[in-house]
Amino acid sequence: MSPSLPSRRGVLGGLGALAVAGSFGLAAANRSASALTSGADARLRYWNLFSGGDGVNMIAMLDAFRRANPGVDVLDSTLLWGNPYYTKLAMAASGNRAPELGVLHLGRLTGFAPERLLDPFDVELLARYGVRQEDFNPALWKRSVVEGKLYAVPLDIHPQLNFYRKDVCEKAGLIGDDGNLVPFTSVDEWFDGLKAARKAVKPGVQTLGLHASNQNHTWWFFMSFYAQAGGTYYDPGLTDVTFDEDKAVEILEFLRRHIVDGYATTGAPDAEHFINGGAFVWEGGWSVPVYSGAELKYGATPMPALFGRPATQAESHCFVLPRQTGRGGPANDAAHRLAAYIVRHGADWARGGHIPAHLPTLKTAAYRKLHPQSEYVPVMDQLALEPEAWFAGSTGTLAQRIGPVVVSSNLGSAKPAAAARRMRGVLEKLLEMKNPMEGRTAAEGGAA
């Protein structure tokens, strides 16, 4: 992402830290002093990690909720994205200083010690506010349930996407009769397309933005294509590594080829190259506001299905109830009400590029008119997810340890075969590690 443009990984941490410090000193109560002063029935403390375009959308939705629910005094705090946020949330939950409602990446749920750091949702209360199991993708709902209890309410899917410039790709003969990018179904087709696109891009601009040296993005891209090839990581019981080194080598060689053949430039500012005339960039859906703001003629598709079945890496923001002693009453009711409200207004949230997890929203006219969001809705049924283990999830331990190995292959400092062996080694060591939040390995109970 360009440092001059708003980023969902922005730096609202300073303000968030001040807000959190204040909330640490407030005891949980059904009717707080602030709620009584404002005439509200309940005070609701809500922590999230949304900044940049995400943050603007969330603030607008919170303001709309306040207007519709004057009896709820919402005190929202935005914390620094990533591990700083999760550390603060875990500390608050373990010290009985938690907010009534929080946001989590769904991939992190297993490692966040449900029952000890999180309270389960009341599904009947959610249903009262219009949110039901049948409204969600079954895979998302299943990941939200731990030992028969619902510990998360999915808000969205934010996938990796293949963004493309329609003007550039049209010159390259890559736009179909429907005005969108032609499909690519094999590695050869993809590189033939890149070859044609390179002739259409402006001088000095790379053909594909690959984020080759970013450990998170390169891991997410590897996950997408490895899943397409049918690759797995562990057995269902998380006792054995099932990582297929041969398939991994094939994917690593594929990623490296983009650099060797000159379609991607290591260390290039990928977003700027795309804005300035590049043909493609692989990036998360959260980049939609950036490219739309630049008034580009562009589209976005799931990652091209080049190795078999369609699959695209994705994560999901979800709502959680941080652990509180004696949770209940108006504040808990308000937490369920706010979570349900935002989920049901997913078309507003989707302006930030995310796919709403609430399936009825995808059928609404408000969502269907969003572009390019409506173009990549099929991702919902093509999810390539991290293993369901305590060390997984957005920027979690798995990504921190295995991402640099993929980068080493991209940059040529390690051959793909050597990198694949190192990846297997990372996966093996993680099985031996204990979850610091509950002191058990994945096989001992760290998996949902």
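Which residue is the bridge partner of leucine 161 in β11? It's proline 302, and the views below start from that pairing. Keep in mind that everything here comes from a predicted model.

**View 1. Strand β8 and its neighbour β11.**
Strand β8 covers residues 156–165, and β11 covers residues 298–302. The two run antiparallel and are joined by five bridges. Besides leucine 161 with proline 302, you can pick out phenylalanine 163, which stands opposite alanine 300 of β11. There isn't much surface on show here: 10 of the 10 residues of β8 are buried. β11 is largely enclosed by the rest of the structure too, because five of its five residues are buried. When you follow the side chains along a strand, remember that in a regular strand they alternate between the two faces of the sheet.

**View 2. β8 with β10, β12 and β14.**
Strand β10 (residues 280–284) also pairs with β8 in the antiparallel sense, over five bridges. Look for asparagine 162, whose bridge partner in β10 is tryptophan 282. Strand β12 (residues 312–315) runs antiparallel to β8 and is joined to it by two bridges. Here histidine 158 of the pairing stands opposite glutamate 315 in β12. Strand β14 is made of residues 355–356, and two bridges join it to β8, again antiparallel. Isoleucine 157 faces its counterpart in β14, isoleucine 355.

**View 3. Histidine 211 and its glutamate partner.**
Histidine 211 sits in the loop that links β9 (208–209) to α9 (215–228). Is this histidine buried or exposed? Its relative accessibility is 10%, so histidine 211 counts as buried, given that the cut-off is under 20%. Its side chain makes a polar contact with the side chain of glutamate 283, at 3.0 Å. Glutamate 283 falls within the residue range of β10, 280–284.

**View 4. Helices α9 and α17 crossing.**
Two packed helices are described by the angle between their axes and the distance between the axes. For α9 and α17, the angle is about 85 degrees and the axes are 8 Å apart. That makes the two helices roughly perpendicular. On the α9 side, the contact is made by Gln215, Asn216, Thr218, Trp219 and Phe222. The α17 side brings in a longer list, including Leu398, Ile402, Pro404, Val406, Val407 and Asn410. Sorted by class, the contact has eight nonpolar and six polar residues, and no charged ones.

**View 5. The loop between β15 and α17.**
Two residues are worth finding in this loop, which runs between β15 (383–384) and α17 (397–411): glutamate 388 and threonine 395. Glutamate 388 is partly exposed, with a relative accessible area of 24%. Its C-alpha is 22 Å from that of glutamate 134, and the two glutamates are 254 residues apart in sequence. Threonine 395, on the other hand, counts as buried at 8% relative accessibility. Check its backbone as well: threonine 395 isn't a glycine, yet its phi is positive, at about 55 degrees.

**View 6. Two more backbone spots to check.**
Where does the cis peptide bond at proline 372 come from, that is, which residue does it join to this proline? The partner is histidine 371, and omega is about 10 degrees. Proline 372 belongs to the loop between α16 (365–368) and β15. The other spot is asparagine 96, in the loop between α4 (83–94) and β3 (101–105). Its phi is near 60 degrees, a positive value in a residue other than glycine. Asparagine 96 is partly exposed, at 40% relative accessible area.

**View 7. Arginine 327 and its surroundings.**
Arginine 327 lies in the loop between β13 (317–322) and α13 (329–344). With 19% relative accessibility, this arginine counts as buried, since the cut-off is under 20%. A polar atom of the arginine 327 side chain lies 3.1 Å from the backbone oxygen of glutamate 100. Leaving out residues up to four places away in sequence, arginine 327 touches Pro99, Glu100, Asp119, Leu321, Pro322, Asn332 and Ala335.

How values were computed. Residues are numbered from 1 along each chain as its sequence is written. This is a predicted model: local features need pLDDT of at least 70, side-chain atom pairs count only at pLDDT 80 or more; totals for chains, interfaces and linings use all residues. Side-chain values use heavy atoms; hydrogens and water are left out. Helices (H or I, at least four residues) and strands (E, at least two) are DSSP runs, numbered from the N terminus. Buried means under 20% relative accessible area, exposed over 50%, partly exposed in between (1.4 Å probe, protein chains only). A polar contact is a pair of N or O atoms within 3.5 Å; within protein, one must be able to donate a hydrogen and the other to accept it, and residues adjacent in sequence count only if both atoms are side-chain atoms. Axes are lines fitted to C-alpha atoms, for helices over the stretch in contact, and angles run from 0 to 180 degrees between N-to-C directions. Angles under 35 degrees count as roughly parallel, over 145 as roughly antiparallel, 65 to 115 as roughly perpendicular and the rest as oblique. Contact means heavy atoms within 4.5 Å. Ala, Val, Leu, Ile, Met, Phe, Trp, Tyr, Cys and Pro count as nonpolar, Asp, Glu, Lys and Arg as charged, and the others, Gly among them, as polar. Two strands pair if DSSP finds at least two bridges between them.
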